[in-house]
Amino acid sequence: MKTVLTYGTFDLLHHGHVRLLSRARALGDRLVVGVSTDAFNEGKGKRSLFPYEERAELVGALRWVDEVIPESTWDQKRQDILRLRADVLVMGDDWRGRFDDLSDLCEVVYLPRTPIVSTTSLKATLSEVSREQVDSLKRAVDALVQIVERIR
Ligand code: C2G
């Protein structure tokens, strides 16, 4: 039984995350995913839109994922690898080199990130859409006010 381990925030779950998880699972027989807790995210300078419980629920619902554990510290990986008897640690290549110190315990693999999509860009798009909607609503209200003024 070859166990693969990976970690992430997985906020606004998107196809970049899913492709990472499916490729990670393909490297073994079991995939365990450490989902960053909200407190750990604060430490990463990230405020996720969805709380840990919901992010963990979504990740756990994916068919490639066999188990979800909380990621609450940077240095829990070494203990997790030993406890889970992980054979491979997988991360996207934006982390290339960052976890090579764990290669005494298991294989460390960095997979190419999926281009373009990111939680950050999704959040920006969502906020732009809402700003556009607010602006068009404002224009509609202004037009209505002018009509009311005229017929008074
Ligand atoms: N990812 C990807 N392609 C994207 C976006 C993300 O392959 N377009 C990968 C990342 O490289 C990472 C995983 O998906 O391996 C999860 O990404 P994030 O949720 O952004 O997690 P991150 O903030 O990188 O946290 O201890 C490690 C950290 O918890 C990783």
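Which strands do the buried residues of H4 pack against? The views below start there, and they come from a predicted model.

**View 1. Helix H4 and the strands it packs on.** The buried residues of H4 pack against three elements: strand E1 (3-8), strand E2 (30-36) and strand E3 (67-71). The residues to pick out on H4 are Lys77, Asp80, Ile81 and Leu84, which are the buried ones. They sit on the same side of H4, because the arc they cover around the axis is only 100°.

**View 2. Arg85, just after H4.** Step off the end of the helix and you meet Arg85, in the loop that links helix H4 (77-84) to strand E4 (88-92). Is Arg85 buried or exposed? Its relative accessible area is 67%, and the cut-off for exposed is over 50%, so Arg85 counts as exposed. The backbone is worth a look here too, since Arg85 takes a positive phi of about 50°. Once neighbours within four places in sequence are set aside, Arg85 still has contacts with Thr3 and Asp80. Asp80 is also one of the buried residues of H4. For a sense of scale, the C-alpha atoms of Arg85 and Gly97 are 21 Å apart, with their positions 12 residues apart along the chain.

**View 3. The largest nonpolar core.** This core has 17 residues, and those touching the most other members are Leu21, Leu31, Val33, Val59, Val65 and Val90. Two or more residues each come from helix H1 (15-25), E2, helix H3 (52-61), E4 and strand E5 (107-111). Another core lies apart from this one; it has 14 residues, including Leu5, Leu84, Ala86 and Val108. Of these, Leu84 also turns up among the buried residues of H4.

Zoom in on Leu31 and there's plenty around it. Leaving out residues up to four places away in sequence, Leu31 touches Val4, Leu5, Thr6, Leu21, Ala24, Arg25, Trp64, Val65, Asp66 and Glu67.

**View 4. Helix H1 under cover.** Which residues of H1 are buried? They are Gly16, His17, Leu20, Leu21, Ser22 and Ala24. The cover over them includes E1, E2, H3, E4, E5 and helix H5 (119-151). Leu21 and Ala24 are also among the residues that Leu31 touches.

**View 5. Strands E1 and E2 side by side.** E1 and E2 pair in the parallel sense, with 6 bridges between them. One to find is the bridge from Thr6 to its partner in E2, Val33. E2 is largely enclosed by the rest of the structure, because 6 of its 7 residues are buried.

**View 6. Strands E4 and E5.** Here's another parallel pairing, with E4 and E5 joined over 5 bridges. Leu89 stands opposite Val108, which belongs to E5. Why is E5 described as largely enclosed by the rest of the structure? Because 4 of its 5 residues are buried.

**View 7. Around the ligand.** How many residues surround the ligand? There are 21, and the closest are Lys46, Glu71, Lys77, Asp94 and Val117. Three side chains are worth checking for polar atom pairs:

- Lys77 has a polar side-chain atom 2.7 Å from an oxygen atom of the ligand.
- His17 also places a polar side-chain atom by a ligand oxygen, at 3.4 Å.
- Ser36 has a side-chain N or O atom 3.4 Å from an oxygen atom of the ligand.

Two of these names have come up before: Lys77 is a buried residue of H4, and His17 is a buried residue of H1.

Terms used
Residues numbered from 1 in each chain as written. Predicted model: local features only at pLDDT ≥ 70, side-chain atom pairs only at ≥ 80, totals over all residues. Heavy atoms only, no water. Buried < 20%, exposed > 50% of the residue type's maximum accessible area, 1.4 Å probe, protein only. Contact = heavy atoms within 4.5 Å. Arc of directions from axis to C-beta. Core = buried A, V, L, I, M, F, W, Y, C linked by side-chain atoms within 4.5 Å. Pairing = 2+ DSSP bridges. Near = heavy atom within 4 Å. Polar contact = N/O pair within 3.5 Å; in protein donor to acceptor, adjacent residues only side chain to side chain.
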